[in-house]
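This report is a first look at one protein chain. Please keep the sequence and the structure in view while reading.

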Amino acid sequence: MTEALSLVPKAAARQSMKDFKSDQEVRWCPGCGDYAVLAAVQGFLPELGLARENIVFVSGIGCSSRFPYYMDTYGMHSIHGRAPAIATGLATSRRDLSVWVVTGDGDALSIGGNHLIHALRRNVNLKILLFNNRIYGLTKGQYSPTSEVGKITKSTPMGSLDAPFNPVSLAIGAEASFVARTVDSDRKHLTEVLRQAAAHPGTALVEIYQNCNIFNDGAFDALKDRDRAQDAVIRLEHGQPIRFGTGLDKGVVRDPVTGDLEVVSVTADNEDRILVHDAHATSPTTAFALSRLADPDTLHHTPVGVLRSVVRPVYDNRMADQLDAALEQNGKGDLAALMTGNETWTVTGAHHVVDR
C-alpha cells in the first residue's frame, strides 16, 4: 500500500549557491540580464532550508524560460504561456513543494495573459518571476505587450500602435495578494524582494526589469544610471514615508480634490502630507495608484519594492479542505461511478440502449 505524501517539505542540510547550479551550460547572450537574476535566485534559495527535491521551477517559452535547465532542482520547460496553469496543477496536488514560475513579458502577458490573471485571482501558492525586457528576445526583436508606443522593431517598422501593459497594475487589478517590482542589476534589492515573495502565503508576482542587450539595450538605463536613478526611482518600504530624490527632496502626496497621487518637491508646508507606504492595506486603491505613477516612455517616477502584500485565503488549502470534507461525508470515492454518473448509454449499431 502506498503511503500518503507528506505535506511537510523535507528540511535540507546546509546548502550553498553551488548546490543549486546544474551541470548545464548557461546559454544566454553575453551581458544578458538573465545571468544576474539566475545568480540572485541560486544565491537566495539556500535560505529557504528546503531539500532541492521539494523545489520546482516551471517555465513557458522565451529566453527566460531556459531557467529550469540551470537550476539543480526539479523543473519543467512547458509550453507558451501555460506555465501558471501547469504550476497550478502541481501546487494544488503537491502542497509539499515550493513552486516557482519563470516567465517573460511576452510569454506571460500575450498568449499567457488569461492563465496569469486567473492564477493571481485564485491566490494559488506560486511565486511568479516575470522577466520584463519590453521586447521579444528569443524570436529576435519584435515588440512585446510591454513595449512603449512608437517602438520601432522588426514587426513594427513604423512604430508600435499598441498601448503597453503595466504588469504591476494588471496584477493589482486581478486582486493579486503580493505584487512587487525590482531590477536585475540591483542584487541586494532583488534578493530582499525574493525573500518576501517566498515567505508570502499564496501567489506572489515579482516583475523584474531585465535588460536585453541585443534587441533592447538600455531600456532601463534611467533606473540604473547613478545620476538619473535618484530622481527616477521611488523605493517603497512598508511603514516609511514615500520620499526619494537627492536628499529625499521629492515625495508622493494625494491630491485633496481628485484623490490622485502626485509627485511634489518636499517643503515645510507639505511635509506632513507625504504618504506613508502601507503594503498591507486591505484596499488595493493606493497600491494601484502607485503603480500608475511611472511614465511608460521615460520610466520617470518608477516605484520599486513591494507594492502590495495582503493575506487572502490560499486556493490550495481551501481545495484540500473541500476534499477532506467530501471524504469525511462520503467515505472513499469511486472514480468509475463518478465518471459514469447515474445513467450510461451503450451504443450498439444504430440502437441506443439506456442502462439504469
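Helices here are DSSP runs of H or I with at least four residues, numbered from the N terminus. By that count Thr-191 belongs to helix α6. The model described here is predicted.

## Overall make-up

The chain holds 11 helices and 13 strands. Its C-alpha trace spans about 80 × 55 × 45 Å along the principal axes. Of the 356 residues in the chain, 46% are buried.

Contacts can be sorted by how far apart the partners are in sequence. Among those between residues at least 6 apart, 66% join residues at least 24 apart.

## Surface and charge

About 18600 Å² of the chain is exposed, and carbon and sulfur atoms supply 53% of that area. The chain carries 35 positive and 41 negative charges, and the mean positions of the two sets are 4 Å apart.

## Helix α1 and its cover

Helix α1 covers residues 34-44, and 8 of its 11 residues are buried, so the rest of the structure largely encloses this helix. The buried residues are Asp-34, Val-37, Leu-38, Ala-39, Ala-40, Val-41, Gln-42 and Phe-44.

Which elements cover them? The cover includes the strands β1 (55-59), β3 (98-104), β4 (126-132) and β6 (204-209), together with helix α6 (187-199). One residue of α6 is Thr-191, which touches Ala-40 and Phe-44 when residues up to four places away in sequence are not counted. Both Ala-40 and Phe-44 are among the buried residues of α1. Thr-191 has a relative accessibility of 12%, so Thr-191 counts as buried too, the cut-off being under 20%.

## Helices α2 and α4

Two packed helices are described by the angle between their axes and the distance between the axes. For helix α2 (residues 83-93) and helix α4 (residues 113-122), the axes come within 7 Å and cross at roughly 35°. Helix α2 contributes Pro-84, Ala-85 and Thr-88 to the contact, while α4 contributes His-115, Leu-116 and Ala-119. By type, the residues of this contact are 4 nonpolar and 2 polar, with no charged ones.

## Thr-203, between α6 and β6

The loop between α6 and β6 contains Thr-203. Is this residue buried or exposed? Thr-203 has a relative accessible area of 0%, so it is buried.

Its surroundings come from several parts of the chain. Beyond its neighbours within four places in sequence, Thr-203 is in contact with Ala-119, Leu-120, Asn-123, Val-124, Leu-126, Ile-128, Ser-177 and Phe-178. One of these, Ala-119, also takes part in the contact of α4 with α2. Another partner, Ile-128, is 75 residues from Thr-203 in sequence, yet the two C-alpha atoms are 7.3 Å apart in space.

## Positive phi in the loop before β11

Most residues other than glycine have a negative phi, and most peptide bonds are trans. Which way does the phi of Leu-299 go, positive or negative? Leu-299 has a positive phi of about 65°, although it is not a glycine. His-301, also not a glycine, has a positive phi of about 65°.

Leu-299 is found in the loop between α9 (285-291) and β11 (302-309), and His-301 is in the loop between α9 and β11 as well. With a relative accessible area of 4%, Leu-299 is buried. His-301 counts as buried at 17% relative accessibility.

Methods: Residues numbered from 1 in each chain as written. Predicted model: local features only at pLDDT ≥ 70, side-chain atom pairs only at ≥ 80, totals over all residues. Heavy atoms only, no water. Helix = DSSP H or I, 4+ residues; strand = E, 2+ residues; numbered from the N terminus. Buried < 20%, exposed > 50% of the residue type's maximum accessible area, 1.4 Å probe, protein only. Contact = heavy atoms within 4.5 Å. Areas by Shrake-Rupley, 256 points an atom, 1.4 Å probe, with all protein chains shown as cover. Lys, Arg positive; Asp, Glu negative; His and termini not counted. Charge placed at Lys NZ, Arg CZ, Asp CG, Glu CD. Axes fitted to C-alpha atoms, helices over the stretch in contact; angles between N-to-C directions. Nonpolar A, V, L, I, M, F, W, Y, C, P; charged D, E, K, R; others polar.
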